[in-house]
Amino acid sequence: MLSNQQIKSFQQQLQHTKQELEKQLNDSGDFGLRRSQDDSTGELSSYDNHPGDQGTELYEREKDLALGEHVRDEIRDINRALQAIDAGEYGKCEVCSKEIPLERLSIIPTTTFCVEHSPSQETSDNRPVEEEVLGPPFGRFDYDGRDESVGFDAEDSWQEVASYGTSETPSDFAYPPNDYEDMYVESEENIGYVEDYENFVGVDIYGKEITVYPNSQYEELKETLIEENIQTSIGDLPRYEHDPYVEEEKD
């Protein structure tokens, strides 16, 4: 059992440590976390900074978060220990009420648990807000996988810019494009229409009077269908739809 003198000594030690930690937090502005990353570096904008410099600043931000969290946890444990002193329970385990060895208290005066019942150490998942923009390219802005999505997303924006030329070469593709103007992902994607026939087939305002306007895409599609002996670009028609097209007209 701790003597009154020992308890008083621990109380003074805890109060002194608490004052130092609170002063450290206050003087450092919570380790600089009260300001944005740009403010803390004196930058008006991060736009023109090198990615390596940005990575260094992000690392420092992560470190400040960890240090700030450690200090606040220490202050919380100190307050808990001081409350135990006021309640006359200091030096006893909160779980089993057994005496905590003096040697353990000398090393960790903030503890209110014995070794057996010491809370497990959990890794914090508190991360800098700047990390929210990190991820695979277009990871948060690619809507192609969503049903019925026709929105102009970040991938579409990149394709629009890449259509003016990139540093890619045919060796960078598993299936190289035929033209150097198409050296970007999904360059073959139709823009403004879905099916090729929409470029040469038209109807009136009522959806009738189907008219074909021959052009290069029409000729290309026709040659492809004839060469592969199919009725549509996505494959042959089902049997019940196919027969009327191939049956010879009877006199």
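**Entry 1. Elements and conventions.** I took helices (H or I, at least four residues) and strands (E, at least two) as DSSP runs, numbered from the N terminus. With these elements set, I located Asn126 in the loop between α4 (102-107) and α5. I kept in mind that this is a predicted model, in which local features need pLDDT of at least 70 and side-chain atom pairs count only at pLDDT 80 or more, while totals for chains, interfaces and linings use all residues. Residues are numbered from 1 along each chain as its sequence is written, and side-chain values use heavy atoms, with hydrogens and water left out.

**Entry 2. Overall build.** I counted seven helices and two strands in the chain. Along the sequence I read the pattern α-α-α-α-α-β-β-α-α. For accessibility I used three classes: buried is under 20% relative accessible area, exposed is over 50%, and partly exposed lies in between (1.4 Å probe, protein chains only). I found that 20% of the 251 residues of the chain count as buried.

**Entry 3. Asn126 again.** I looked up the accessibility of Asn126 and found this residue partly exposed, at a relative accessible area of 40%. I then checked its separation from Leu65: the two residues are 61 apart in sequence, yet their C-alpha atoms are 7.8 Å apart in space.

**Entry 4. Nonpolar core.** I defined a nonpolar core as a set of buried Ala, Val, Leu, Ile, Met, Phe, Trp, Tyr and Cys residues joined through side-chain atoms within 4.5 Å. The largest such core has 16 residues, and I noted Leu14, Val71, Tyr90 and Leu105 as those with the most contacts inside it. The elements that give two or more residues to this core are α1 and α3. I recorded seven residues from α3, the largest share of this core.

**Entry 5. Salt bridges.** I counted a salt bridge where a side-chain nitrogen of Lys or Arg lies within 4 Å of a carboxyl oxygen of Asp or Glu. By this rule I obtained six salt bridges.

I began with helix α1 (residues 4-28), where Asp27 and Lys23 are four residues apart and therefore separated by about one helical turn. Their side chains meet in a salt bridge, at 2.7 Å from N to O. I noted that both Asp27 and Lys23 are exposed.

In helix α3 (residues 51-86), Lys63 and Glu60 are three residues apart, so about one helical turn separates them. I found a salt bridge between Lys63 and Glu60, with the closest N and O atoms 3.1 Å apart. Lys63 is partly exposed, with 36% relative accessible area, and Glu60 is partly exposed as well, with 29%.

In helix α6 (residues 216-228), I looked up Lys222 and Glu219, whose side chains form a salt bridge at 3.6 Å, N to O. These two residues are three apart in α6, so they too are separated by about one helical turn. I recorded partial exposure for Lys222, at 34% relative accessibility, and for Glu219, at 32%. I further noted that salt bridges with shared partners join Asp73, Arg76 and Asp77 into one network.

**Entry 6. Surface patches.** I built patches from residues with over 30% relative accessible area and no salt bridge, joining like charges within 9 Å and nonpolar side chains (Val, Leu, Ile, Met, Phe, Trp, Tyr) within 5 Å. Accessible areas come from the Shrake-Rupley method with a 1.4 Å probe, and for residues only the protein chains shown count as cover. For charges, I took Lys and Arg as positive and Asp and Glu as negative, without counting His or the chain ends. I placed each charge at NZ of Lys, CZ of Arg, CG of Asp or CD of Glu.

I found a negative patch formed by Asp196, Glu198, Glu220, Glu223, Glu227 and Glu228. Asp196 sits in the loop between α5 (154-162) and β1 (201-202), and Asp196 is partly exposed at 33% relative accessibility.

I also found a nonpolar surface patch of about 450 Å², made by Tyr197, Val201, Val203, Ile210 and Val212. Ile210 belongs to the loop between β1 and β2 (211-212) and counts as exposed, at 65% relative accessibility.

**Entry 7. Backbone check.** I looked for positive phi values outside glycine. Glu209 is not a glycine, yet its phi is positive at about 55°. Glu209 lies in the loop between β1 and β2 and is exposed, with a relative accessible area of 60%. Ser97, in the loop between α3 and α4, likewise has a positive phi, near 65°, in a residue other than glycine.
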